[in-house]
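Got your viewer ready? Load the model and let's take a short walk through it, one selection at a time.

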Amino acid sequence: MSHNTFGHLFRVTTFGESHGLAIGCVVDGCPPGIPLEAADVQIYLDKRKPGQSRFTTQRREADEVRILSGVFADDNTRRQVTTGTPIALLIENTDQKSKDYSHIRDKYRPGHADFTYDVKYGLRDYRGGGRASARETACRVAAGAIARKVLPDVTIRAALVQIGPHKIERERWDWEEVNRNPFFCPDPGKVAFFEDYLDGIRKAGSSVGAVVEVVAEGVPAGLGAPVYGKLDAELTGALMSVNAVKGVEIGDGFATAELTGEVNADEIRLGNDGKPLFLSNHAGGTLGGISTGQPIVARFAVKPTSSILTPRLTVDRYGRETDIVTKGRHDPCVGIRAVPVAEAVVACVLADHFLRHRGQVGKSADWPFVDPQYYRDRDG
Ligand SMILES: Cc1cc2nc3c(=O)[nH]c(=O)nc-3n(C[C@H](O)[C@H](O)[C@H](O)COP(=O)(O)O)c2cc1C
């Protein structure tokens with residue numbers, strides 16, 4: 001199978017299946033000399049790993065990462081740093097319970113990738129979804145931890161802002177709250193409600209969709225390139241490639257259709273530092289596919305998990321109509337564990353663009369430019 005690589009200069013290749021021996025990734029193009037220990041990657045994997053609350057799958061995976069290559073102890077500092085060569089990261093699968101999935105080996109789960117993998121490749125690894133399993137997203141989280149180190153002074157955070165039809169109150173948004181509850185929810189007033197609501201969904205053997213928002217602050221103006229390397233296009237493409245994502249928007253996204261030009265205009269003044277100060281951020285931090293220096297804001301919707309206990313109509317691979325119940329372990333709302341994945345994917349795309357910008361442009365021009373009148377006055 002091809003197409004398991006993304007990025008141009010910060011290039012990530014992931015490999016592995018849900019029930020294979022291991023999953024992992026190779027990050028190629030990371031600059032040399034960046035301090036990197038397994039622990040730097042592990043903290044992000046620990047946020048995504050399953051079985052941390054009753055609201056995520058009970059599959060038990062330690063998701064312990066090992067760095068196989070691309071690092072070396074620097075002689076001067078004695079710290080382990082990147083060498084500029086490919087960094088291979090490995091995460092062993094330790095909790096593969098194939099028997100949970102044996103009853104679906106020939107049947108196609110509606111909403112999962114069983115039919116499409118089978119019809120395309122003529123066979124599929126039906127154990128836990130094989131390569132279509134979101135276990136692959138652990139590799140992106142690992143790569144994202146390295147990407148963050150490539151990006152100087154950029155903060156990338158994500159949060160769950162909606163479960164089913166229930167949205168958070170944005171006025172109560174508190175980033176500190178995100179890591180205090182099992183939902184990565186930024187609204188302290190919504191957590192108890194989400195607990196009750198999702199308990200009901202979980203006990204009914206059902207599932208529900210969600211919306212995740214990711215914000216990158218400190219991204220310098222100038223990242224992204226016209227016209228096929230637009231930052232917003234590559235961010236949305238990368239986020240759309242995350243399992244179960246069915247819609248992605250940047251800034252006000254689909255809501256901009258309802259705005260007038262006056263409201264949508266992110267008016268510009270001069271800040272105290274002499275730099276442009278945008279009075280709003282409907283654009284979500286990009287214009288013409290290039291970052292403005294404002295926070296990059298992306299949002300995506302994930303569909304409800306397809307593994308549910310209510311029988312659904314389907315067919316098997318031998319052309320017979322049947323129905324299916326997906327027993328076993330699953331996430332009642334995959335949006336929760338998609339939060340660290342969202343941060344990682346955005347980090348990888350931004351790191352790639354940071355290096356591409358440096359490669360083509362080097363240092364951006366100093367702004368504001370000198371008015372030609374200044375030279376005319378000076379030189380007469
Ligand atoms: C973090 C995360 C966990 C997921 N866990 C499950 C799961 O337990 N059961 C399931 O049916 N789908 C799960 N999914 C979604 C499937 O991987 C996805 O629906 C499937 O690969 C089909 O791809 P598509 O929905 O992108 O078209 C999960 C997705 C994410 C992001």
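**Stop one: the sheet**

Select F6 and look across to β2: F6 has V12 as its bridge partner there. (Strands here are DSSP runs of E, at least two residues, and helices are runs of H or I, at least four, numbered from the N terminus.) This is a predicted model, where local features need pLDDT of at least 70, side-chain atom pairs count only at pLDDT 80 or more, and totals for chains, interfaces and linings use all residues. Residues are numbered from 1 along each chain as its sequence is written, and side-chain values use heavy atoms, with hydrogens and water left out.

Now show β1 with β2 (residues 11-16): they run antiparallel, joined by 2 bridges. Two strands pair if DSSP finds at least two bridges between them. Add the rest, and you get an open sheet of 5 strands with antiparallel pairing, ordered β1-β2-β3-β7-β4. β1 (5-6) and β4 (65-67) each have a single partner strand, so one side of each has no neighbour in the sheet.

Next, pick helix α3 (residues 137-150), which packs on the sheet and touches β2, β3 (22-28) and β7 (87-92). Touching means heavy atoms within 4.5 Å. The helix direction makes about 35° with that of β3, using lines fitted to C-alpha atoms (for helices, over the stretch in contact) and angles from 0 to 180 degrees between N-to-C directions.

**Stop two: the ligand**

Which residues are closest to the ligand? Select A132, A244, K303, S306 and S307, the closest of the 14 that surround it; a residue counts if a heavy atom lies within 4 Å.
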